[in-house]
Amino acid sequence: MKKALALTLSMVLLLCAACAWAEEQPLTLEQLGGMQWSFSSGVGGWSTDMRTAADGTFSGEYHDSEMGEIGENYPNGTVYGCAFKGQMSLLEQLDAHSWKVRIDKLEIDGTLDEESIDDGIRYVTSKPYGISEGDEMVLYLPGTPIDVLSEDMQMWAHVLEQDPKPSALVDWFLSSAKNESGFVGYTIEE
């Protein structure tokens, strides 16, 4: 009985040590590779979506459909949007649940404000909404207590609409105070 208790206690201590070691390991860009990120309100015709790679590069698309914004040559509305790509870096760990991330480079495909009309819809190349070059964002890991996020951040993380409201983040969350945005991140299922 004593041997079984000693073995059980040893296993518990070993697991606790392993968990503590894992929590102290720094986050790497490789861990963000293959993830999908989305910034949207959940309603309306807009979103900014991107994918991150293990080297810190990312690519994505932004679109905002304004179907009431019409003209003689575009009776079916206007869509603002772009494809974009860039590079991010991890700057520093802020606490046990968050890291500071900087958007080092952000480029859009095409020429800003360029317009084209196709099938009665006007398309306008614009900057992506919610992310900008030079922005320092905060990356919150799954397990982050919800109460550390402002009400606006909880809205962008889509936790306010959940019933019951979770006590901790289930997904990753990348927030920008400068752009008043929040991207929910999750691993893409193959």
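# A guided tour, starting at S126

Select S126 first; this residue sits in the loop between β7 (121–125) and β8. The model on screen is a predicted one. S126 has a relative accessible area of 13%, so it counts as buried. To see what surrounds S126, leave out its neighbours within four places in sequence and show Y62, Y80, G81, C82, I108 and L112, the residues it is in contact with.

**The whole chain**

Now zoom out and colour by secondary structure. The protein has 2 helices and 10 strands. Following the sequence, the order of elements is α-β-β-β-β-β-β-β-β-α-β-β. Of its 190 residues, 38% count as buried. Among contacts with a separation of 6 or more, 56% are between residues 24 or more positions apart.

**Salt bridges around R122**

Go back to strand β7 and select R122. Side chains of opposite charge can pair when their charged atoms come close. Which residue meets the side chain of R122 in a salt bridge at 2.6 Å, N to O? The partner is E69. E69 lies in the loop between β3 (57–66) and β4 (78–95) while R122 lies in strand β7, so this pair ties together parts that are 53 residues apart in sequence.

Check how open each partner is. R122 has a relative accessibility of 10% and therefore counts as buried. E69, at 29%, counts as partly exposed.

Keep R122 selected and add E115. The side chains of R122 and E115 also form a salt bridge, with an N to O distance of 3.5 Å. Shown together, E69, E115 and R122 are linked in a network of salt bridges.

**Another salt bridge**

The structure holds 7 salt bridges. For one outside the group just shown, select R102 and D104, whose side chains meet at 2.5 Å, N to O. Are these two residues buried or partly exposed? R102 counts as partly exposed, at 30% relative accessibility. D104 is also partly exposed, with a relative accessible area of 32%.

**The aromatic pairs**

Next, show the aromatic side chains. The structure has 8 aromatic pairs. Select F39 and F183: this pair is tilted, with 5.4 Å from centre to centre and 45° between the planes. F39 belongs to strand β1 (residues 35–39) and F183 to strand β10 (residues 181–187), so the pair ties together parts 144 residues apart in sequence. Both F39 and F183 are buried.

Move on to W46 and W156. How is this aromatic pair arranged? The arrangement of W46 and W156 is edge-to-face, at 6.0 Å centre to centre with 75° between the planes. W46 is in strand β2 (residues 46–52) and W156 in helix α2, so the pair links distant parts of the chain, 110 residues apart. W46 counts as buried, with 17% relative accessibility. W156 is buried as well, at a relative accessible area of 13%.

Now add Y129 to the four rings already selected. Ring pairs link F39, W46, Y129, W156 and F183 into a cluster.

**The second largest pocket**

The last stop is a pocket. Turn on the surface and look for the second largest pocket, which has a volume of about 180 Å³. Its lining is made up of 13 residues, and those closest to its centre are M153, S175, S176, A177 and E180. Select these five to find the place.

Which elements each supply at least two residues of the lining? They are β8 (136–140), α2 (151–156) and β9 (172–176). The largest share comes from β8, with 4 residues. Helix α2 (151–156), one of the elements that line this pocket, is also the helix that holds W156 of the edge-to-face pair.

Finally, colour the lining by class. The lining has 6 nonpolar, 4 polar and 3 charged residues.

Technical notes: Residues are numbered from 1 along each chain as its sequence is written. This is a predicted model: local features need pLDDT of at least 70, side-chain atom pairs count only at pLDDT 80 or more; totals for chains, interfaces and linings use all residues. Side-chain values use heavy atoms; hydrogens and water are left out. On a 1 Å grid over the protein atoms alone, a cavity is a set of points where a 1.4 Å probe fits but cannot get out, and a pocket is an open set with protein on both sides within 12 Å along at least five of seven lines; lining residues have an atom within 4 Å of a point. Grid points are joined across faces, edges and corners, and a volume is the space filled by probe spheres set on the points. Ala, Val, Leu, Ile, Met, Phe, Trp, Tyr, Cys and Pro count as nonpolar, Asp, Glu, Lys and Arg as charged, and the others, Gly among them, as polar. Rings of Phe, Tyr and Trp (its six-membered ring) pair if their centres lie within 6.5 Å; planes under 30 degrees apart count as stacked, over 60 as edge-to-face and the rest as tilted. Buried means under 20% relative accessible area, exposed over 50%, partly exposed in between (1.4 Å probe, protein chains only). Contact means heavy atoms within 4.5 Å. A salt bridge is a side-chain nitrogen of Lys or Arg within 4 Å of a carboxyl oxygen of Asp or Glu.
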